[in-house]
Amino acid sequence: MALLDRGILHRVSVIRQGHFAATAAATVVTILLASRAANSYPTHSETPFERNPIGAATKRDPTATATATASTPKMPPNDPVTHNFSGVSSKRTARHLPTMIVFDLDDCLWHPEMHELPGYPDIPVTGDLDPSSPGREIGIVGMQVPRRRDTVRLYEGARLALRELAVDPQYEGILLAAASSSLEPSYSHACLEGIEVVPGLTLRDMFAFDRIGRSGELTPRKTSHFRLLHRDSGVPYEEMLFFDDCNWGDHCADVSDSFGVISQRTPSGMRLSEFHRGLANYKKAAEDRAATQGGGEL
């Protein structure tokens, strides 16, 4: 439970850096503590979840006829979700860590790809949230297409990396974003809304920005996504780290060559070692940049 507490409090601290007032954040903490005291976290895989506005997991009335995910309006393609983190200063982040980490979605964080699904995934599937400790934390691990077995799930390495970002204090303040050229943006948004990383904390809660699709201002090239993420967030390209499977084109090289973004390929779905390798590559690039600019050692 201590690990979960740190994760929840970490997300609260990030939210406080947005436009929410300090009093609102204090209310969040009060409600979360009250929820935990009431033992509201599900203890078995058949317990349905319902998300509330502060991201705490609560038990849903089993007699209800619709899940929270099913009733969530489908977001229009390319509608950016910013969670009011725009313009956050990079000074709050340690210099050897990126200000923003950007993830591709299909075949990088999760599988299968959205265009492979036969329909809209709106049925939550519960299971183990912590692959390293089966049975300890149960929550929504996937989103399933109605009347079909097709279920979108995180790769194990991606889940472990996201859990690390959620609960490890060293990553506090780092912004997360999605850059996806998904052919079915509404499906992608449904998965972001539904899949949990720790109990009560969804991918949507963790991601400050997203640019999903390949129409309008977005093209199949991820450079279009990064231009908008840079515009939306104000984060310099050199302070970003990007992960992409690159199976449909070398997006990593394209973004790196165009903007100088440090990138890491995940050709078989994200592995935890690839996540750490990306961080190590970013750290080296930041150190080299500081030395070149006369900033000395980090």
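# Exercises on a predicted model

β3 and β12 are paired in the parallel sense, with four bridges between them. The coordinates come from a predicted model, and the exercises below start from this pairing.

## Exercise 1. The surroundings of strand β3

Determine which strands pair with β3 and how the faces of β3 are covered.

*Solution.*

Step 1. On β12, the parallel pairing rests on four bridges. Within it, Phe-103 stands opposite Phe-243.

Step 2. β3 is also joined to strand β8 (residues 175–180) by four bridges, and these two strands run parallel. Here Ile-101 stands opposite Leu-176 of β8.

Step 3. Met-100 and Val-102 lie on one side of β3, Ile-101 and Phe-103 on the other, and all are buried. Both faces of the strand are therefore covered.

## Exercise 2. Aromatic pairs

Classify the ring pair Phe-103 and Phe-243, then the pair Phe-226 and Phe-242.

*Solution.*

Step 1. The structure holds seven aromatic pairs. In the pair of Phe-103 and Phe-243, the ring centres are 5.5 Å apart and the planes meet at 15 degrees. Planes under 30 degrees apart count as stacked, so this pair is stacked.

Step 2. The pair links distant parts of the chain, since Phe-103 belongs to strand β3 (residues 100–103) and Phe-243 to strand β12, 140 residues apart. Both Phe-103 and Phe-243 are buried.

Step 3. For Phe-226 and Phe-242, the centre-to-centre distance is 4.8 Å and the planes are 75 degrees apart, an edge-to-face pair. Phe-226 is in helix α7 and Phe-242 in strand β12, 16 residues apart.

Step 4. Phe-226 counts as buried at 0% relative accessibility. Phe-242 is likewise buried, with a relative accessible area of 0%.

Step 5. Phe-103 and Phe-243 also belong to one aromatic cluster with Tyr-171, Phe-207 and Phe-275.

## Exercise 3. The open sheet and its helices

Establish the strand order of the open sheet, identify its edges, and describe how α4 and α5 are placed on its strands.

*Solution.*

Step 1. Four strands form the open sheet in the order β4-β7-β6-β5, with antiparallel pairing.

Step 2. β4 (110–111) and β5 (123–128) each have a single partner strand; they stand at the edges, so one side of each is left without a neighbour in the sheet.

Step 3. The pairing of β4 with strand β7 (residues 151–154) is antiparallel and spans two bridges. In it, His-111 stands opposite Arg-153 of β7.

Step 4. Helix α4 (residues 156–167) lies across β5, β6 (138–144) and β7, and runs at about 55 degrees to β7. Helix α5 (residues 185–194) packs on the sheet, where it touches β4, β6 and β7; its direction makes about 170 degrees with that of β6.

Step 5. Ten of the ten residues of α5 are buried, so this helix is largely enclosed by the rest of the structure. Among them are Tyr-187, His-189, Cys-191 and Glu-193.

## Exercise 4. The buried side of helix α8

Decide where the buried residues of α8 lie around its axis and what they pack against.

*Solution.*

Step 1. In helix α8 (residues 251–259), the buried residues are His-251, Cys-252, Asp-254, Val-255 and Phe-259.

Step 2. These residues cover an arc of only 165 degrees around the axis, which puts them on the same side of α8.

Step 3. The elements against which they pack are α7 (222–233), β12 (240–244) and β13 (262–265).

Step 4. Gly-260 follows α8 and has a positive phi, near 80 degrees.

## Exercise 5. Contacts of Leu-279

Which residues does Leu-279 contact, leaving aside its neighbours within four places in sequence?

*Solution.*

Step 1. Leu-279 lies in helix α9 (residues 272–292) and counts as buried at 9% relative accessibility.

Step 2. Its contacts are Leu-97, Pro-98, Ile-101, Tyr-171 and Leu-241.

Step 3. For Ile-101, the separation from Leu-279 is 178 residues in sequence, while the C-alpha to C-alpha distance is 9.4 Å.

## Exercise 6. Cysteines and disulfides

How many disulfides does the structure contain, with a cut-off of 2.5 Å between the sulfur atoms?

*Solution.*

Step 1. The count comes to zero disulfides.

Step 2. For Cys-108, the nearest cysteine sulfur is that of Cys-252, 8.1 Å away, and Cys-108 is in no disulfide. Cys-108 counts as buried, at 0% relative accessibility.

Step 3. Cys-246 is in no disulfide either; the nearest cysteine sulfur, again that of Cys-252, is 3.4 Å away. At 15% relative accessibility, Cys-246 counts as buried.

Key: Residues are numbered from 1 along each chain as its sequence is written. This is a predicted model: local features need pLDDT of at least 70, side-chain atom pairs count only at pLDDT 80 or more; totals for chains, interfaces and linings use all residues. Side-chain values use heavy atoms; hydrogens and water are left out. Buried means under 20% relative accessible area, exposed over 50%, partly exposed in between (1.4 Å probe, protein chains only). The arc is that of the directions from the helix axis to the C-beta atoms. Contact means heavy atoms within 4.5 Å. Rings of Phe, Tyr and Trp (its six-membered ring) pair if their centres lie within 6.5 Å; planes under 30 degrees apart count as stacked, over 60 as edge-to-face and the rest as tilted. Two strands pair if DSSP finds at least two bridges between them. Axes are lines fitted to C-alpha atoms, for helices over the stretch in contact, and angles run from 0 to 180 degrees between N-to-C directions. A disulfide is a pair of cysteine sulfur atoms within 2.5 Å.
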